Amino acid sequence: MDRAGIELNGVRYRWPSRPVVVVCIDGGDPAYFERGVRDGIVPNVARFMETGFNAVAKGDVPSFTCPNNMSITTGSPQSVHGISGNFYLDRDTGEAVVMTGPELLRSRTIMAEFSRHGARVVSITAKDKLRRQLGKDMDLRQGSVNFSAECADQCNPEETGIEDALALTGMPLPPIYSAELSLFVLEAGIKLLEARRPDILYLSLTDYVQHKYAPGESEANRYYRDLDEKFGRLDALGAVVALTADHGMNDKSDADGAPRVIWLQDLLDARFGEKTSTVICPITDRFVAHHGALGGFVRVYCHAALDPEDVMRATRSLPGVEAVYDRTTAARLFDLPLDREGDVVVIGRADIVIGAAAADHDLSGLKGHRLRSHGGVSEREVPFIVNHPLRAEYAARAAAGGLKSSEIFDFAINGVDRP
Ligand SMILES: [Zn+2]
C-alpha cells in the first residue's frame, strides 16, 4: 500500500495518520456561526474556533454549489476543474446543459485520487447531482463509499460501496427539501467513521435551511444546533474536522418582502429584440423551489449580430448591477474556464438577484418567505474552521491573507500536527 501520500493539481497531500473529515455546509454563510456562537447555539464549533483554527475564507465566483464543491474537493480553481456553474450553454448545440456529468469534470477529486492509492475514503452528498463528479474514477474496492442522501434508498455495493444507507443511519429517507437531508449525510459519516475508520471523509450538505431562514431564526437555530451536535461527535471520534461552505447567503427582498429581481432576458429582448441573446442562470438545478432559480450571477450569450459590447453598455447602468464583464475579463478575474464562459457576465449587488425572463421563473415555492440567495461576489465569503491548531507554516500562510476554501483539504491533511 502506498503510504507516501498523493499529489493532485500541484499540491502534495501526505497520508493522513488519523481520519480527516471535511464538511461543506452548503449555504453556510459565516453569519450563521457568528450568530450561533453569540447565542450559544453551537458550543462544539465555538470550541473548535477557540482551540483550533478559525478564519473567513473566500470561495470561488460564481458563488454556486457545483463550482465550489469541485474547487474544494480538487483543490483547484474552476479553470482547472472546469465546473463553472450548475448549468451552462453548450455553444455547439445551443442547449442548456446541467453541469453535473463526470465527463465535464477535468480533474479527479482528492478523495478519488487517495482511493486509487489504497486509501479508504467516504464521500456523501445531500443532493445526488454532485455524487458522480465527486466519485469520478474512485476505486471502491478498499471499502470506499460514495453516495447521496437523496438516493440513499438506491445504494448498491458496485456503484456506491455500500449496501443499505438507510440501515446504516437508522433514519428514514429524508425529503429533498428538508434539514434532515443534511443531518442524514452527517449521521452516515459518523456511522462510517465508527465502522470503517476511513482515511478521508467529505460530507456535503444542502442549503435548504439557509435559503429559507436567516441567522437567529428559530428554524435556523434548530438546524445549527443539530449540525453542531454531529460535528461534536465527529470530533469525539478522534478525527480532524474541518468546516467550510460552498457559498454564503444574502437576503434579496425589499422592505415589503417582495424579491428584488432584475429580469435581464426581458430587458435585453425589449432592447435588442427577441432571440438575439440567451440569459443563463447557472444557479439552476432540478430543485429550485427554495430560490426560484434566482441568483446573483448570470451569463449572457449573444447570437447573430448582437455585439457583447452593446449588452455590456445596456446592463452596466441597471440599478442593482454591481459589475459587468466580457468573457475574457470574467475568466481572468475569477479563474474560469474560458471555453465554458458566456459572452457577458452580469453580477448583482448583495441585495438583489438577476433572472432571465419573468415568465420562466416559478416563485410560488417561496410560499411567502423572503427570497434569500447567492451567486455573486457578495456571497463568496465562507467559514474556514479546523478543530485542531495549525502547524506554524500553515498558520503563517493563513495569516498572510487570501485564504481560499479550496485550500481546506490541504490545511486539514497537511496543516495539523500528527498525534
Ligand atoms: Zn450551495
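Colleague: Let's start with strand β7. Which residues cover one side of β7, and which the other?
Modeller: Keep in mind that this is a predicted model. Five of the five residues of β7 (residues 121-125) are buried, so the strand is largely enclosed by the rest of the structure. Both faces are covered, with buried residues on each: on one side you have V121, S123 and T125, and on the other V122 and I124.

Colleague: Which strands does β7 pair with, and which residues are the bridge partners of V122?
Modeller: β7 runs parallel to β9 (residues 200-204), with five bridges joining the two. Another four bridges join it to β8, again in parallel. V122 has a partner in each: in β9 that is L201, and in β8 it's V145.

Colleague: What about β10, is it buried or exposed?
Modeller: V240, A242 and T244 point one way from this strand, while V241 and L243 point the other way. All of these residues fall under the 20% cut-off in relative accessible area. With five of five residues like that, β10 is largely enclosed by the rest of the structure, so the word for it is buried.

Colleague: How do the neighbours of β10 run, parallel or antiparallel?
Modeller: Take β3 to begin with: V21 has V241 of β10 as its bridge partner, and five bridges join these two strands, which run parallel. Then there's β19 (residues 381-386), where I385 stands opposite L243. Two bridges join β10 to β19, and that pair runs antiparallel.

Colleague: On to the metal. Which residues coordinate the zinc ion?
Modeller: Along the chain, the donors follow the spacing D-x38-T-x180-D-H. Their distances to the zinc ion are 2.0 to 2.2 Å. The donor atoms are OD of D26, OG1 of T65, OD of D246 and NE2 of H247.

Colleague: And how far apart in sequence are the parts that D26 and D246 tie together?
Modeller: Both aspartates are buried. D26 sits in the loop between β3 (20-24) and α1 (30-38), and D246 in the loop between β10 (240-244) and β11 (250-251). The pair therefore ties together parts whose separation in sequence is 220 residues.

Colleague: What do you call the arrangement around the zinc ion?
Modeller: There are four donor atoms to consider around the ion. The angles they subtend span 93 to 135 degrees, which makes the arrangement irregular.

Colleague: Which residues touch the most other members of the largest nonpolar core?
Modeller: In general, nonpolar side chains in soluble globular proteins tend to be buried together. The largest core here has 51 residues, and helix α16 (residues 408-414) gives the largest share of it, five residues. One residue of that core, F409, touches Y13, V22, I72 and I110 among others, not counting residues up to four places away in sequence. The members that touch the most others are Y13, V22, F114 and F409.

Colleague: How many residues are in the second, separate core?
Modeller: This one includes Y32, I41, A165 and I176. The count for that core is 47.

Colleague: What relative accessible area does L234 have?
Modeller: L234 is found in helix α11 (residues 218-236). Leaving aside neighbours within four places in sequence, it is in contact with V21, V23, I190, L193, L203, A239 and V241. L234 is buried, and its relative accessible area is 0%.

Colleague: Which side chain makes a polar contact with the side chain of D139?
Modeller: D139 is in the loop between α6 (131-134) and β8 (145-148), and at a relative accessible area of 14% it counts as buried. Beyond four places in sequence, D139 is in contact with S115, R116 and S144. The polar contact, at 2.9 Å, is with the side chain of R141.

Colleague: Any backbone oddities? What is omega for the peptide bond from V61 to P62?
Modeller: P62 is found in the loop between β4 (53-58) and α3 (65-74). The bond from V61 to P62 is cis, with omega near 5 degrees.

Colleague: Last one: what are the phi values of N9 and D335?
Modeller: N9 is in the loop between β1 (6-8) and β2 (11-13) and is partly exposed at 32% relative accessibility. D335 lies in the loop between α14 (327-334) and β16 (344-348), and is partly exposed too, at 35%. Neither is a glycine, yet phi is positive in both: for N9 it is near 50 degrees, and for D335 about 55 degrees.

How values were computed
Residues are numbered from 1 along each chain as its sequence is written. This is a predicted model: local features need pLDDT of at least 70, side-chain atom pairs count only at pLDDT 80 or more; totals for chains, interfaces and linings use all residues. Side-chain values use heavy atoms; hydrogens and water are left out. Donors are N, O and S atoms within 2.8 Å of the metal (3.2 Å for Na, K and Ca); water is not among the atoms, so sites may look incomplete. Four donors count as tetrahedral if all angles lie between 85 and 135 degrees; four count as square planar and six as octahedral if opposite donors are over 155 degrees apart and all others between 65 and 115; anything else is irregular. Buried means under 20% relative accessible area, exposed over 50%, partly exposed in between (1.4 Å probe, protein chains only). A polar contact is a pair of N or O atoms within 3.5 Å; within protein, one must be able to donate a hydrogen and the other to accept it, and residues adjacent in sequence count only if both atoms are side-chain atoms. Contact means heavy atoms within 4.5 Å. A nonpolar core is a set of buried Ala, Val, Leu, Ile, Met, Phe, Trp, Tyr and Cys residues joined through side-chain atoms within 4.5 Å. Two strands pair if DSSP finds at least two bridges between them.
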